[in-house]
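Q: Please take a close look at one part of this chain for me. I want to know how its strands pair and where the backbone does something unusual. Then set that part against the rest.

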Amino acid sequence: MNSLAGRFGGMLCRAQRASLGCRAKSALVSAVPSDPAAYVAGKLAHFDSMQFTPIRESTVSREMTSRYMSEMMEYAETDVVIVGAGSAGLSCAYELTKHPHIKVAILEQNVAPGGGCWLGGQLMSSMVVRKPAHEFLDELEVPYDDKGDYVVVKHAALFTASVLRKTLIAPNVKLFNAVAVEDLLVKQEGDKVGVRGVVTNWSLVTQNHDTQSCMDPQVMEAKVVVTATGHDGPMGASSAKRLESLGALPAGLPGMGALDMNTAEDAVVQMTSEVVPGLIFAGMEVSEARGCNRMGPTFGAMLLSGQKAANLAVQILNRQG
């Protein structure tokens, strides 16, 4: 139902682009005051006379601490953990908002979520998305220029902000910023290794283990883990590398291949899968584990890989009962 509504909304948006420049633009136009000078004078008078309601500093601290700690306790055991809040991870989380009975935790090592999808390529702002991934933009109501075989969002941050907002307002999703996944929680299940959660720590602690005395991590149990930590780097492809070290993946990961957009995006989506019981690879971490080519500054595969991973997670949860 949501998918059909999204496509219908996208058709309307494209029709409006031809006449009014899309409803997002028309909404901005309708917000323009009829008398700008009077509007500005009134707003300035309001700000000059405004006074915040009083509050104790300790109240602010208690509010933040109690809420965060209660959330940590609540999500110590969850249905799905998504590792990495980049384009694939966020697309996965958004897709799971359509299943409000599924509890989802997103873990992001950086303070700011979004990964590399705040920009296009080489610090440029436009975001190129090859069709048919534009249908996901329609669902999110992200405006774009239709160029035939692909679309262009004028700034990648429009996508990131839109998917973040729609994901984070969902009651079944919690984002934990500045939290690193240091290891996987594994169980030996017959002749296979099953992943049943993640080992977490504050990102700043993870990055300073060599300079500080030992600070043990915590654990978040999960029925399904979706790992979308991106291509190789200091903290990239972390689950793939850990599974290799455990012998759950063949030694000598193939790593990401050279750039070839036309093969890379299809391969990443097709190879998004449950690699070991309870663990799904999504996004560019797929390329590290499977040797897919890189696609460079085109984002369609990231969006669809994340969505596919979410539906695989639902399937696994249903299988587990």
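A: What follows starts with one sheet and its loops in this predicted model, then moves outward to other strands, helices and cores.

Start with the sheet. It is open and has three strands, in the order β3-β5-β4, with antiparallel pairing. β3 and β4 stand at the edges, and each has a single partner strand, so one side of each is left without a neighbour in the sheet.

Take the β3 side. β3 covers residues 127-130 and β5 covers residues 150-153. Four bridges join the two strands, and they run antiparallel. To find your place, look at valine 129, whose bridge partner in β5 is valine 151.

Now the other side. β4 covers residues 145-146 and pairs with β5 through two bridges, again in the antiparallel sense. Here aspartate 146 stands opposite valine 151. Valine 151 is therefore a handy landmark: it pairs with valine 129 and also faces aspartate 146.

The link from β4 to β5 is a hairpin. Three residues lie between the strands. Glycine 148 sits in that turn with a positive phi of about 100 degrees.

Next, the route from β3 to β4. What is special about the peptide bond from lysine 131 to proline 132? That bond is cis, with omega near 15 degrees. Proline 132 belongs to the loop between β3 and α6, a helix spanning 134-140. After α6 comes another loop, which leads to β4 and holds glutamate 141. Glutamate 141 has a phi near 60 degrees, a positive value in a residue other than glycine. Its relative accessible area is 46%, so glutamate 141 is partly exposed. Both features stand out, because most residues other than glycine have a negative phi and most peptide bonds are trans.

Elsewhere, alanine 178 also has a positive phi, near 55 degrees. This alanine lies in the loop between β6 (173-176) and β7 (179-189). Alanine 178 counts as partly exposed, with 25% relative accessibility.

For contrast, turn to the strands around β9. β9 covers residues 218-227, and six bridges join it to β1 (residues 77-83) in the parallel sense. Valine 81 stands opposite valine 225 there. β9 also pairs with β12 (residues 279-281), again parallel, over three bridges. Threonine 227 faces phenylalanine 281 in that pair. The pairing of β9 with β8 (residues 192-202) is antiparallel, over four bridges. Valine 198 has methionine 220 as its bridge partner there.

Now the nonpolar cores. The largest one has 44 residues, and Val80, Ile82, Leu137 and Phe159 touch the most other members. The largest share of this core, eight residues, comes from α12. A second, separate core has 32 residues, including Tyr75, Val195, Val198 and Val275. Val198 thus links two parts of this account: it belongs to the second core and bridges to methionine 220 in β9.

Valine 80 deserves a closer look. Leaving aside residues up to four places away in sequence, it touches Leu96, Ile102, Lys103, Val104, Ala105, Val224, Val226, Ala313 and Leu317. Nonpolar side chains tend to be buried together in soluble globular proteins.

Helix α12 spans residues 300-320 and packs with α10 (residues 261-270). The axes are 8 Å apart, at an angle of about 10 degrees. Angles under 35 degrees count as roughly parallel, and α10 and α12 are therefore roughly parallel to each other. From α10 the contact uses Glu265, Val268, Val269 and Gln270. From α12 it uses Gly300, Ala301, Met302, Leu304, Ser305 and Lys308. By class, that gives five nonpolar, three polar and two charged residues.

One last stop is lysine 241, in helix α9 (residues 238-246). Is lysine 241 buried or partly exposed? It counts as partly exposed, at 30% relative accessibility. Beyond residues up to four places away in sequence, lysine 241 touches Asp232, Gly233, Gly236 and Leu253. Glutamate 285 is 44 residues from lysine 241 in sequence, and their C-alpha atoms are 9.9 Å apart in space.

Note on methods
Residues numbered from 1 in each chain as written. Predicted model: local features only at pLDDT ≥ 70, side-chain atom pairs only at ≥ 80, totals over all residues. Heavy atoms only, no water. Pairing = 2+ DSSP bridges. Axes fitted to C-alpha atoms, helices over the stretch in contact; angles between N-to-C directions. Parallel < 35°, antiparallel > 145°, perpendicular 65-115°, else oblique. Contact = heavy atoms within 4.5 Å. Nonpolar A, V, L, I, M, F, W, Y, C, P; charged D, E, K, R; others polar. Core = buried A, V, L, I, M, F, W, Y, C linked by side-chain atoms within 4.5 Å. Buried < 20%, exposed > 50% of the residue type's maximum accessible area, 1.4 Å probe, protein only.
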